[in-house]
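Visitor: I would like a close look at a single part of this model, with its surroundings described carefully enough that I can follow them in the coordinates. Please begin with the chain as a whole and then work inward.

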Amino acid sequence: AIAQHIQSGSIHAKIQVVISNNPSAAGIELANTFGLPTSIISPKDYSDTAEYESKAVQTLHDFEVDWK
């Protein structure tokens, strides 16, 4: 819905990346439809929550997301 509003011009924003822990998530599929970058970050791939969260934050930085 947000991507459609951005594309139509009714919302002035840019989606830098769509992040999910599930590669089959509907949001990832929709992002692919819109040609948006995606990142799959599964907590199972990290030894603890801090490492997982660190990867998520690093991904936001990598895609230059203005999230603060």
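**From the surface to the buried contacts**

Guide: The accessible surface of the chain amounts to about 4900 Å², and carbon and sulfur atoms account for 51% of that area. The model is a predicted one, and its C-alpha trace extends over about 40 × 30 × 15 Å along the principal axes. Three helices and two strands are present, and read from the N terminus they follow the order α-β-α-β-α. Of the 68 residues, 19% count as buried. As for contacts between residues at least 6 apart in sequence, 24% of them join residues at least 24 apart. The chain carries 4 positive and 8 negative charges, and the mean positions of these two sets lie 3 Å apart.

The part that I would take for the close look is the surroundings of S39, I41 and T59. Strand β2, which covers residues 38-40, contains S39, and this serine has a relative accessible area of 14%, so it counts as buried because the limit is under 20%. When residues up to four places away in sequence are set aside, S39 touches V17, V18, I19, S20 and T59.

I41 belongs to the loop between β2 and α3. Its relative accessibility is 2%, which means that I41 is classed as buried. With neighbours within four places in sequence again left out, the contacts of I41 are I19, S20, N21, Y46, Y52, K55, A56 and T59. I15 is not in that list of contacts; from C-alpha to C-alpha, I41 and I15 are separated by 17 Å in space, and by 26 residues in sequence.

T59 approaches this group from helix α3, and with a relative accessible area of 3% it is likewise buried. Apart from residues up to four places away in sequence, T59 touches I19, S39 and I41, so that the threonine appears in the contact lists of both S39 and I41. Its side chain also reaches the backbone oxygen of K55, at a distance of 2.9 Å, and K55 is itself among the residues in contact with I41.

A further group worth following is the largest nonpolar core, which consists of six residues, namely A3, V18, A25, I28, A31 and L36. One of these, L36, touches A3, I15, V18 and A31 once residues up to four places away in sequence are excluded. V18 connects the two descriptions, as it belongs to this core and is also touched by S39.

For contrast, two exposed residues may be considered. S8 lies in helix α1, which comprises residues 2-8, and its relative accessibility of 55% places it in the exposed class. The side chain of S8 makes a polar contact with the side chain of S10 at 3.3 Å, while the C-alpha atoms of S8 and S54 are 34 Å apart, with their positions 46 residues apart in sequence. E64, in the segment after α3, is exposed as well, at 66% relative accessibility. Although E64 is not a glycine, its phi is positive, at about 55°.

Technical notes. Residues numbered from 1 in each chain as written. Predicted model: local features only at pLDDT ≥ 70, side-chain atom pairs only at ≥ 80, totals over all residues. Heavy atoms only, no water. Helix = DSSP H or I, 4+ residues; strand = E, 2+ residues; numbered from the N terminus. Buried < 20%, exposed > 50% of the residue type's maximum accessible area, 1.4 Å probe, protein only. Contact = heavy atoms within 4.5 Å. Areas by Shrake-Rupley, 256 points an atom, 1.4 Å probe, with all protein chains shown as cover. Lys, Arg positive; Asp, Glu negative; His and termini not counted. Charge placed at Lys NZ, Arg CZ, Asp CG, Glu CD. Core = buried A, V, L, I, M, F, W, Y, C linked by side-chain atoms within 4.5 Å. Polar contact = N/O pair within 3.5 Å; in protein donor to acceptor, adjacent residues only side chain to side chain.
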